[in-house]
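I opened the model today to look at one chain first and the pairing of the chains afterwards. My notes are below.

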2 protein chains.
Amino acid sequence: MVDLAPDPNKPATKIAVIGLGSMGFGIAESLIRARHEVAGYDVRPEVTARFAAGHGGRLRCAASPAEVAAGAGIIVVVVVNADQTAAVLLGEDGAVSAAPRGAVVVSCATMAPERARKLAREVTARSLLFLDAPISGGAQRAREGALTVLVSGSEAAFTAAAQALDAIAAKLYRLGCEPSIGSSFKIVNQLLVGVHIAAACEAIALAKQLGLDIAKVYEVIKASAGNSWMFKNRVPHILEGGYSPRSATSIFTKDLGIVVDIERAGTFPAPLSSAALQLFLMTAAAGMAHDDGASVVRLFARIAGLEVPAHKV
Amino acid sequence: MVDLAPDPNKPATKIAVIGLGSMGFGIAESLIRARHEVAGYDVRPEVTARFAAGHGGRLRCAASPAEVAAGAGIIVVVVVNADQTAAVLLGEDGAVSAAPRGAVVVSCATMAPERARKLAREVTARSLLFLDAPISGGAQRAREGALTVLVSGSEAAFTAAAQALDAIAAKLYRLGCEPSIGSSFKIVNQLLVGVHIAAACEAIALAKQLGLDIAKVYEVIKASAGNSWMFKNRVPHILEGGYSPRSATSIFTKDLGIVVDIERAGTFPAPLSSAALQLFLMTAAAGMAHDDGASVVRLFARIAGLEVPAHKV
């Protein structure tokens, strides 16, 4: 458990962060910087230890979700998916078993709306509050306290979580009272993000195939109707051969996997989501699961014998 | 032929516009507003007549591409595709047969780079200049003289066409000396434009399927990583039920048709271009070829039994 010089003027709400990967670590940093009293836990002991070693070694670790949640008013869960969220909340030594009555769980993983609804039911049945609060923006914005957070849940849950949300979000959307709405918005965003980065890669590879100067293509397209947020943001890294993950191929196989599961469950045909998922699966299968998702362009290059700037490690 | 009070201070370059659909009509208007001496021709006599009726009936029409090109220093060709461009330039009574030696042909249709290269060879063999100059921006920007023009061709051709380009372009990209480069850039842009509008429709339809408020989805996504130029520009029309074509479904079946033809000819696999083309073909087959390309969302709605705002005619 961490006790790092909390601001004496702040109300004494302890905040637990469960999941200390790049997003959770960044969120914990933002909360500490905002002078909250923060406790961290990760299922991987070495990750928890690395977190504890920060800030001059003054941070202590919890050994279980239950331990980190004991005494916490806000429990931010930043793990990979719905299953992990359920495990740290409701499994053995889960946070819910130890959290004080009235504490709020802020659930940040991308998951199917139905899973968020189910988790909310289970958590609130234990006299806790639940906020469906998927996040967007990447590790750097997490560290800067500048995430986009897509929130739905009860007024009481929102009020209880407000201090933490203030510290981590640059854009905070309140989307409704039903848990599941936040997750639904995230799903729609991830559909577009995934299709757009795959399309950027298909387009840049085709440009190369046509013999064009891809730096010039970037300059023209980003000022034209063919532009997208992902094209503008990620193509510069293709031009530099920079594939250290901003969002890894494995994130897109996971998130587009959720998207197509939801689509199929709803008998909703979705040719573009499906085609984009297949491109990320091929890229992962070709050994680039842990590189940036823009590695789809390297898949095209490999298949079609094109030269794009090589990965600079 | 049109003789509309040309500016006596301008060098006396007559400009012919061949193809007076919404783009060509707008280009002619921009040239007239810039006080050039403009002559117009369209293969459809009623379209030529409608053009001639403008400006107080002072405009006269040409009866053939040859007639409109006689005496013109710049010949702007704004027809639908490569075949039409070849026909008005090189067919019976074609412009090339009558254009003065040294006149420049400005070719604006979207076409395969190889077709632009072939046209350039044929036109320059007749002692004329050729500029590969596809345009982007839609009918309104054409009228405003605010198009994006993607130009490639010889220095001499560019210099000869400069007066016309100044009057019609807000953004003018000089992309190289080889005709075909301008067309290649346009193809890459059209791949992205087509995929992005189809993806916007798939995402908005999924949002509706998930029970979300699609106006709110628009607000959140346009400020998020899922945004694209097309999403931001076209989704408002979906929200209003406005499907009068800014760019018709038939434009996307044509342009993505060229994209996938090029890809297949180059043995270049392209799952997203292909999936997007199929969506536009389905939408056209369902009777919406001449409505805006965002009608893909109405296709999804019809298939999945969703309510989106109906087409307000």
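These entries go from the single chain to the contact between the copies.

**Ground rules.** I am working on a predicted model, where local features need pLDDT of at least 70, side-chain atom pairs count only at pLDDT 80 or more, and totals for chains, interfaces and linings use all residues. Residues are numbered from 1 along each chain as its sequence is written, while chains are lettered from A and ligands numbered from 1 in the order in which they are written.

**Chain A, overall.** I looked up the secondary structure and found 13 helices and eight strands in chain A. Helices are DSSP runs of H or I with at least four residues, strands are runs of E with at least two, and both are numbered from the N terminus. The C-alpha trace of chain A spans about 65 × 50 × 35 Å along its principal axes. I then checked the radius of gyration, taken over C-alpha atoms. Chain A has 21 Å, which agrees with the value near 20 Å for a compact globule of 313 residues. That rule is 2.2 Å times the number of residues to the power 0.38.

**Burial and contacts.** In chain A, 57% of the 313 residues count as buried. Buried means that 20 or more other C-beta atoms, placed from the backbone, lie within 10 Å of the residue's own. Of the contacts in chain A with a separation of 6 or more, 69% join residues 24 or more positions apart. A contact means C-beta atoms, placed from the backbone, within 7 Å.

**Domains.** Chain A splits into domain 1 (14–179) and domain 2 (186–304), with bounds from an automatic or database domain assignment. Their C-alpha centres lie 29 Å apart. Eight residues of domain 1 of chain A touch ten residues of domain 2 of chain A.

**Symmetry.** How does chain B lie on chain A? I get an RMSD of 0.0 Å after a turn of 180 degrees and a shift of 0.0 Å along the axis. The two copies are thus related as by a two-fold rotation axis. The superposition is by least squares on C-alpha atoms of residues with pLDDT of at least 70 in both copies. Ser228(B) comes closest to the axis among the residues of chain B, at 1.9 Å (C-alpha).

**Interface.** The contact takes 53 residues from chain B and 53 residues from chain A. Which helix of chain B gives the most to this side? I find α9(B), with 17 residues.

How values were computed
Contact = placed C-beta atoms within 7 Å. Buried ≥ 20, exposed ≤ 12 C-beta atoms within 10 Å, placed from the backbone.
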